[in-house]
Amino acid sequence: MMRWMHKRLGVGSRDERGMALVMVIAIGSVLTILVVAATAFALGGLKKSTTDESWGSALAAAYAGIEEYQSRLANDTAYYRYGNPASSFSAASRVTLPTGASSNPAFGLGTAGTWAAVPGSAGASAFRYEVDNANYLKTGTLRLRATGKVGNETRSIVADLRQQGFVDFLYFTDYEIQDPIQSGVSVATCQRYAWAGRPATGCSEIAFGANDVVDGPAHSNDTMRICNATFTGKVTTSYNPSSGLRYSPKNSNNVNCSGQVFELPGYPAYSPVVGMPPTNSQMKKEIRTDIPAEVPDPGCLYTGPTQIIFNANGTMTVRSPWSVKTRVAGDPATSGTTPPECGSINALGSANGATITVPKDNLIYVQNVPTVATDPNFTPPKLLPNELACRGDGASSGAGNGIGFPTVQEVPPSSDSYGCRNGDAFVKGTVSGAVTVASENYVYVTGDLVYNDRAKDILGLVGNNSVWVWNPVRANGSSILANTGRRIDAAIVSVAHTFQLQNYNKGGDRGTLAVTGAIAQKFRGIVRSGTNGYVKHYVFDSRFRYIAPPKFISPVSTTYGVNVWIEVKPVFDSTGAAR
């Protein structure tokens, strides 16, 4: 029995050894497969890693193209005119290719077209871009489509670029003093920044005070005096002390004060000086007919005192009796035209004025009556009884500008108010549209000036001199206006002087001046003095982060910021062929 069992076990052992060999071979095969699979996976992962790196780098290359284009704009503000007119992205634009030494490889198209190398990449990364400037002259916004290429990967982005300028701030002031013309202080002594040596007293410095609310970003090139006022947004100044406050906690009388509220931590903060242009005369270019490449759609020119009343139905009523030609050619002007869209000359000179459609996405410029006889708008003084009488509204007002200012019983605040040949714009009403009104002299806001649709309508006001909130008073100092409160929806710039309440120290309490938009001025304007004038309530129009009023004025030097960018389907493949 034992022998039989041993024999059986012997036979079993030989079978198990055979089975073990089969199992070893099988396990070896499985391990070989696993090694091969692991190697293939590692190699595939390496390839995927390389592809992922190229894919990510292609986006960085596209953004490098955006930054490179911004640098070109910074060096040449007219660079927006360049692009490749063969690009479908530029179909609605007026662009040309730069030539010669100024040629730009980033404007290449197709497989034979060029790419610009990303600096420092030794040619491994490259980009192209295409320009859409169709809305630039109207809104100050450029659209750029950039494509980056690394290896076989390409990615494209579209970015909106806008000039950084006055509309970036709800409140902007160059000097925190009253206009020397009004205060009578020494220009040589006082027209300097406090941080650059202006005397602490004697220069009519103005302070933010009780109940003042600035609800948006604010900047001053000067040192701001702030007392118990509230700032809800970013506050920046060009005053940059090594330590301590970046504002002066003193009132207008140079007395210490408290109660300042800055709702955002870390502010006021430092920011460089933003340069004011010397005049707004460059805006007159926008009403010329002889430079179609620069001004494809001219606006309207009016001459002498001009009243503009905006109507909610998208029209405006314009009275401008000194106007002869409403568009001109040449600089200085040598000829002109009278297009019907700017109003007939007969209607403009009538008591009722001309009612016309608000110029779409355009500029209205009001100039002084020219003194050069060769100018098409030159008119000698009108002295005959049947011609323009330079009087106010009613015989009791005496001398005036011929279109109702000064009003009955009004005493003009100064001898240069309501000049009969001045380029003054008198504006009020309900705006339906997008337009900028600029004047060679003053802008007067003579009533509420509001949007019909706050989401769509937009207005710019640019006075070469002061922008006045009209506040007519009688000889005894009482207000002629029956209502109180004033509302203004606009981006406002006084280039050489100030935004201010007329007769700020007379007329009693006028309620609240509610401005929704942006305010920029060379000197601080007063809107309340003691119990006279308005309490300020200024709110930033958040749309100005992305757009500006049509053909709006810009600082002396400007940069371009990217407002919005999104990634889109790649425009080109790595060979340059369109996708």
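Asp212 and Lys536 pair up in a salt bridge, with their closest N and O atoms 3.1 Å apart. That contact links distant parts of the chain, since Asp212 sits in the loop between β6 (207-208) and β7 (213-215) while Lys536 belongs to strand β29, 324 residues away. Both Asp212 and Lys536 are buried. Keep in mind that this is a predicted model. Lys536 also turns up in the lining of the largest cavity, so here is a quick tour of the salt bridges, that cavity and a surface patch.

**Salt bridges**

- Searching the whole structure turns up 20 salt bridges.
- Asp160 and Arg143 meet through their side chains in one of them, at 2.7 Å from N to O. This pair also joins distant parts of the chain: Asp160 is in strand β4 (residues 153-164) and Arg143 in strand β3 (residues 141-150), 17 residues apart.
- Asp160 counts as buried because its relative accessibility is 16%, under the 20% cut-off. Arg143, with 36%, counts as partly exposed.
- Asp448 and Arg486 form another salt bridge, and their closest N and O atoms are 3.1 Å apart. Since Asp448 lies in strand β23 (residues 443-451) and Arg486 in strand β26 (residues 486-501), the pair ties together parts 38 residues apart in sequence.
- In that pair, Asp448 is partly exposed at 37% relative accessibility, whereas Arg486 is buried at 4%.
- There's a network too: Arg198, Glu205, Asp222 and Arg225 are linked by salt bridges.

**The cavity**

- A search of the whole structure gives one cavity of 30 Å³ or more, and the largest cavity has a volume of about 70 Å³.
- Its lining is made by Tyr171, Phe208, Phe499, Ile519, Gln521, Arg524, Gly525, Val527, Lys536 and Tyr538.
- Sorted by class, the lining of the largest cavity has six nonpolar, two polar and two charged residues.
- Strands β27 (509-524) and β29 (532-540) each bring at least two residues to that lining. The top contributor is β27, with three residues.
- Lys536, a lining residue, is the partner of Asp212 in the salt bridge up top.

**A nonpolar patch on the surface**

- Tyr546, Val564 and Ile566 make a nonpolar surface patch of about 270 Å².
- Val564 is part of strand β30 (residues 559-568).
- With 38% relative accessibility, Val564 counts as partly exposed, because that label covers values between 20% and 50%.

Notes: Residues numbered from 1 in each chain as written. Predicted model: local features only at pLDDT ≥ 70, side-chain atom pairs only at ≥ 80, totals over all residues. Heavy atoms only, no water. Patch = residues over 30% accessible without salt bridge, like charges linked within 9 Å, V, L, I, M, F, W, Y side chains within 5 Å. Areas by Shrake-Rupley, 256 points an atom, 1.4 Å probe, with all protein chains shown as cover. Salt bridge = Lys/Arg side-chain N within 4 Å of Asp/Glu carboxyl O. Helix = DSSP H or I, 4+ residues; strand = E, 2+ residues; numbered from the N terminus. Buried < 20%, exposed > 50% of the residue type's maximum accessible area, 1.4 Å probe, protein only. 1 Å grid on protein atoms, 1.4 Å probe; cavity = no way out; pocket = protein on both sides within 12 Å on 5 of 7 lines; lining within 4 Å. Points joined across faces, edges and corners; volume = space filled by probe spheres on them. Nonpolar A, V, L, I, M, F, W, Y, C, P; charged D, E, K, R; others polar.
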